[in-house]
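Visitor: Hi, could you walk me through this structure at an easy pace? I would like to ask things as we go.

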Amino acid sequence: MKKVIERALSKGGDFAEIYFEYRIELAINLSENKIKSLNYGISPGLGIRVISGSKTGYAYTDDFRFEKILEVADVASYVADSGIGNKAVNLEARKRVEQNFQVERPIYLLDIDKKIEWLWRANDSARSYDGRIKQVDINYFESARYFWIANSEGVCVESDDSLFRIFITSVAISDGLREMGVSYLGGRYGYDFLLENPPEKFGVDSAKQAVSKLYAKPAPAGNFPVLIKSGWGGVLVHEAVGHGLEGDFNRKGISVYSGKLGQKVCSELVTIIDDGTVPNSRGSVAIDDEGTPTQRTVLIENGVLKNYMLDKLNAKLLNLESTGNGRRESYRHYPLPRMRNTFIDAGKDDPSDLIKSIKFGIYAKSLGGGQVDIVSGNFVFEINEGYLIENGEITHQIRGANLIGNGPEVMRKVIGVGNDLEIEKGTGTCGKDGQYVPVGVGQPTILVSEMTVGGTQV
């Protein structure tokens, strides 16, 4: 390791790093009443990174011959051309870092036939729920990773993690209408968690949601109060606010939050946290992909911007400390500042009181896909499951609704924050610059005084 890092710094450079990874993955798809695909793969490799000022050189290989690794170090070193090599590398003894929650029997140890049996039971329960369920699609994915990191600052650490995710989609068709329902299960749990959760429940949940939407009324269009349910509703905060708080966008001055540390940026009722220590959540890691210990980072406190999410490079360039948010998809990628588990913290309001306070509005029980502009904060999100609120009561289910707005503006219009914080641990995946990493999202029930709702009501 010392020889490789010295070679990487032979042309100069401020920092060099080796990242080694050994990953095992399993993916199963069950659809059309058959196992359509089953893929199993083992992927070992290492990447070498050299930083010179604000420039990054990165190269990787899955060929572990020493001469090949030195060649990779040479390629990464080309980013620094000062000709003044820094060869003083004093690596600590490699230290193992354990996750702060225990998974006694990782999911990859469970026999594959048991996993397939679970999927079949979910499929059969969804299809038998109602004759209008015409299609069920189930995707199972698991990943186990061992990795170590060594760098020119003397860090030498190793860790491992594993996770799984099951996503069930049911499609109901009737009288020309086609509606979809979803349910999911997952996180950084052992296989006992899978076996303790009856697949029939998740199959029925997805089918029930799809069938109920067949009876939904077209959504109204206009500006209304919007109540967003706890848990998965936090995807709006993740997309419309969280990305804008990542360090690279703020270092480059292209985020709406750039240069605003210490300033009020949203309602004083709102506190936003990014936390890598949430037990069993997809976004939780013992160390980030640069070897920095994970932590709980308060980003916005009572409406005031307190911190950004930072990796080593952007922290150094901003003269701040890394928050342990350096993450990468695999050894083929260099780390970027990314979210882990990002959520609005609990408030003091009773969710039922928030409902009663609305004369006419929208209850977004579950959000679907969406789009967001990181620079402006503008977004569009589909309401996957929504209802009308009339005279303080949840009434008719609606379909075809979208939420349209601007992340910072919506956060300024938050007038109620529930005491029912829920973090969705099982299914989140975040994309950035072509890299995808597992994340958690969350929030309590929140009330926004007014949002634009795109509807289909004529």
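Guide: We can go through a sheet, a helix, a cavity and two single residues in turn. Please keep in mind that this is a predicted model.

Visitor: Okay, the sheet then. What order do the strands of the open sheet have?

Guide: The open sheet has six strands in the order E12-E11-E10-E15-E24-E21, and the pairing within this sheet is mixed.

Visitor: And which strands stand at the edges?

Guide: E12 and E21, the latter covering 422-424, stand at the edges, and because each has a single partner strand, one side of each is left without a neighbour in the sheet.

Visitor: Start at the E21 end. How many bridges join E21 to E24?

Guide: Three bridges join E21 to E24, which spans residues 440-443, and the two strands run antiparallel. Within this pair, Ile 423 has Gly 442 in E24 as its bridge partner. A helix also belongs in this picture, since H6 packs on the sheet and touches E10, E15 (341-344) and E24, with its direction making about 105° with that of E24.

Visitor: Let's hop to the other end. In which sense do E11 and E12 pair?

Guide: E11 and E12, the latter being residues 304-305, pair in the antiparallel sense over two bridges, and Glu 301 stands opposite Val 304 in E12. The hairpin of these strands has two residues between them, and Asn 302 takes a positive phi near 50° there.

Visitor: How many bridges are there between E10 and E11?

Guide: E10 and E11 pair over four bridges, in the antiparallel sense, and one detail to look for is Asp 274, whose bridge partner in E11 is Thr 297.

Visitor: What sits in the loop between E10 and E11?

Guide: One residue with its place in that loop, between E10 (272-275) and E11 (296-301), is Thr 292.

Visitor: Is Thr 292 buried or exposed, and why?

Guide: Thr 292 counts as buried because its relative accessibility is 12%, which is under the 20% cut-off. Leaving aside residues up to four places away in sequence, Thr 292 touches Ile 287, Lys 312, Ser 322 and Gly 324.

Visitor: Back to that helix. How many residues of H6 are buried?

Guide: Seven of the eight residues in H6, which runs over residues 235-242, are buried, and the helix is therefore described as mostly covered. Among them are Val 235, Leu 236, Val 237 and His 238.

Visitor: New topic: how many cavities of 30 Å³ or more does the structure hold?

Guide: The structure holds one cavity of that kind, and about 30 Å³ of space lies in the largest cavity.

Visitor: Which element gives the largest share of its lining?

Guide: H6 gives the largest share of the lining of the largest cavity, with three residues. The lining includes Glu 239, Ala 240 and Val 241, and also Val 256, Tyr 257 and Asp 373. By type, the lining divides into six nonpolar, two polar and two charged residues.

Visitor: Last one: where does Val 226 lie, and what does it touch?

Guide: Val 226 lies in strand E9, which covers residues 222-228, and this residue is buried because its relative accessible area is 0%, under the 20% cut-off. Not counting residues up to four places away in sequence, Val 226 touches Ile 362, Leu 403, Ile 446, Leu 447, Val 448, Met 451 and Val 453. As for Tyr 129, which is 97 residues apart from Val 226 along the chain, the C-alpha atoms of the two are separated by 31 Å.

Definitions and conventions
Residues numbered from 1 in each chain as written. Predicted model: local features only at pLDDT ≥ 70, side-chain atom pairs only at ≥ 80, totals over all residues. Heavy atoms only, no water. Buried < 20%, exposed > 50% of the residue type's maximum accessible area, 1.4 Å probe, protein only. Contact = heavy atoms within 4.5 Å. Pairing = 2+ DSSP bridges. 1 Å grid on protein atoms, 1.4 Å probe; cavity = no way out; pocket = protein on both sides within 12 Å on 5 of 7 lines; lining within 4 Å. Points joined across faces, edges and corners; volume = space filled by probe spheres on them. Nonpolar A, V, L, I, M, F, W, Y, C, P; charged D, E, K, R; others polar. Axes fitted to C-alpha atoms, helices over the stretch in contact; angles between N-to-C directions.
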